[in-house]
Amino acid sequence: MPTKRGISMKAIIRKLSVSFVVFLAGSFCAFNAAAQCGTGAGDGHSTMNNASSMLSRSVPLPTSAKTPFLQSSNEQGESSVSIVGFWHVKFTSEGTKLPPIPDGAVVDMGFAQWHSDHTEILNSSRPPVIGSFCLGVWAKAGPSTYALNHFALSFNPDGSFQGVANIHENVTLSADGDSYSGSFSIDQYDTQLNLLAHIVGNITATRITVNTKPTDLF
């Protein structure tokens, strides 16, 4: 004869089993009803197609990783390439009067990254003691053209703070997205915001990819 404990356990297991079967049946009916929404109940192919469609809509599709330089549709304009990425940049003086710098002289170069959130960072070739990192924000100014507003903290060789530098760039991306060029200005201020230097000229940049070698840049 089974004990009261045994009868109680069997009853619990039986109730759980029945509840599980009812849950499965209800879930299947709900899914089947949703899949048949708007179609004839006897149309098996339509039911499966609608079910597949519902499942595909419930899972967000990731952005393709094969086109890393594409812009979102509201920023494309006439071009499908983006300035977002890693660049080797060079600043060449042209028309600088304060202080006088010969045309064609390279005043700076380095590595820049333009980010999809419209921020930018530059690792300049300036000695770290006087400031080699600076940050900026960018906006699309037209088809394949971009404007950058960029700030840097500058220091004297003895480590004392010199002041803020403000860099502006207006550049145009090439059709293939592998380079850009344009104009720049660098305004260096002292701690009282007196203008110490106004350097202007041309900027060029080459995109860096996973296959880029140092000999491709220098």
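These exercises, each with a worked solution, explore a predicted model of one protein.

## Exercise 1: The overall layout

Find how many helices and strands the protein has, and in what order they run.

Solution.
- Start with the count. The protein has two helices and eight strands.
- Next, trace the order from the N terminus. The pattern reads α-α-β-β-β-β-β-β-β-β.
- Now look at burial. Of the 218 residues, 28% are buried.
- Finish with contacts. Take those with a separation of 6 or more: 43% of them join residues 24 or more positions apart.

## Exercise 2: The nonpolar core

Identify the residues that touch the most other members of the largest nonpolar core, and the elements that supply the core.

Solution.
- The largest nonpolar core holds 24 residues. I83, W87, V89, W114 and Y180 touch the most other members.
- At least two residues of this core come from each of β1 (85-93), β2, β4, β5, β6, β7 and β8.
- β6 gives the largest share of this core, four residues.
- Zoom in on Y180. Leave out residues up to four places away in sequence. Y180 then touches I83, W87, V89 and W114, among others. Its contacts also include E169, V171, T172 and L173. I203, T204 and A205 are on the list too.

## Exercise 3: The largest pocket

Describe the largest pocket: its volume, its lining and the elements that contribute.

Solution.
- Begin with the space. The largest pocket encloses about 400 Å³.
- Then turn to the lining. It has 23 residues, and R126, S154, I186, Q188 and I199 are the closest to the pocket centre.
- List the elements that give two or more residues to this lining. They are β2 (106-114), β3 (119-124), β4 (133-142), β5 (145-155), β6 (161-173), β7 (179-189) and β8 (195-208).
- Pick out the top contributor. β5 gives the most, with four residues.
- Sort the lining by class. It has 15 nonpolar, six polar and two charged residues.

## Exercise 4: R126

Work out where R126 sits, whether it is buried or exposed, and what it touches.

Solution.
- Place the residue. R126 is in the loop between β3 and β4.
- Check its accessibility. The relative accessible area of R126 is 28%, so it falls between the 20% and 50% cut-offs and counts as partly exposed.
- List its contacts beyond four places in sequence. They are D108, G131, S132 and S154.
- Follow the side chain. It reaches the backbone oxygen of I130 at 2.8 Å.
- Compare chain and space. R126 and M109 are 17 residues apart along the chain, and their C-alpha atoms are separated by 8.2 Å.
- Link back to the pocket. R126 is among the residues closest to the centre of the largest pocket.

## Exercise 5: The loop between β1 and β2

Explain why T96 counts as buried, then find the cis peptide bond.

Solution.
- Locate T96. It lies in the loop between β1 and β2.
- Apply the cut-off. T96 has 4% relative accessibility, which is under 20%, so it counts as buried.
- Look for polar contacts. The T96 side chain makes one with the side chain of S93, at 2.9 Å.
- Add the contacts farther off in sequence. Leaving aside neighbours within four places, T96 is in contact with I101, H198, I199 and V200.
- Move along to P99, in the loop between β1 and β2. The peptide bond from L98 to P99 is cis, with omega near -10°.

## Exercise 6: Two positive phi angles

Decide whether S144 and L193 are buried or exposed, and say where each one lies.

Solution.
- Recall the background. Most residues other than glycine have a negative phi.
- Take S144. Its phi is positive, about 65°, although it is not a glycine. S144 is in the loop between β4 and β5. Its relative accessibility is 13%, so S144 counts as buried.
- Take L193. This residue, also not a glycine, has a positive phi of about 65°. L193 is in the loop between β7 and β8. Its relative accessible area is 59%, so L193 is exposed.

## Exercise 7: G85

State which strand holds G85 and which residues it touches.

Solution.
- G85 is in strand β1.
- Set aside residues up to four places away in sequence. G85 touches A112, Q113, W114 and R207.
- Take the pair G85 and Q113. They are 28 residues apart in sequence, and 5.6 Å apart from C-alpha to C-alpha.

Notes: Residues are numbered from 1 along each chain as its sequence is written. This is a predicted model: local features need pLDDT of at least 70, side-chain atom pairs count only at pLDDT 80 or more; totals for chains, interfaces and linings use all residues. Side-chain values use heavy atoms; hydrogens and water are left out. On a 1 Å grid over the protein atoms alone, a cavity is a set of points where a 1.4 Å probe fits but cannot get out, and a pocket is an open set with protein on both sides within 12 Å along at least five of seven lines; lining residues have an atom within 4 Å of a point. Grid points are joined across faces, edges and corners, and a volume is the space filled by probe spheres set on the points. Ala, Val, Leu, Ile, Met, Phe, Trp, Tyr, Cys and Pro count as nonpolar, Asp, Glu, Lys and Arg as charged, and the others, Gly among them, as polar. A nonpolar core is a set of buried Ala, Val, Leu, Ile, Met, Phe, Trp, Tyr and Cys residues joined through side-chain atoms within 4.5 Å. Buried means under 20% relative accessible area, exposed over 50%, partly exposed in between (1.4 Å probe, protein chains only). Contact means heavy atoms within 4.5 Å. A polar contact is a pair of N or O atoms within 3.5 Å; within protein, one must be able to donate a hydrogen and the other to accept it, and residues adjacent in sequence count only if both atoms are side-chain atoms.
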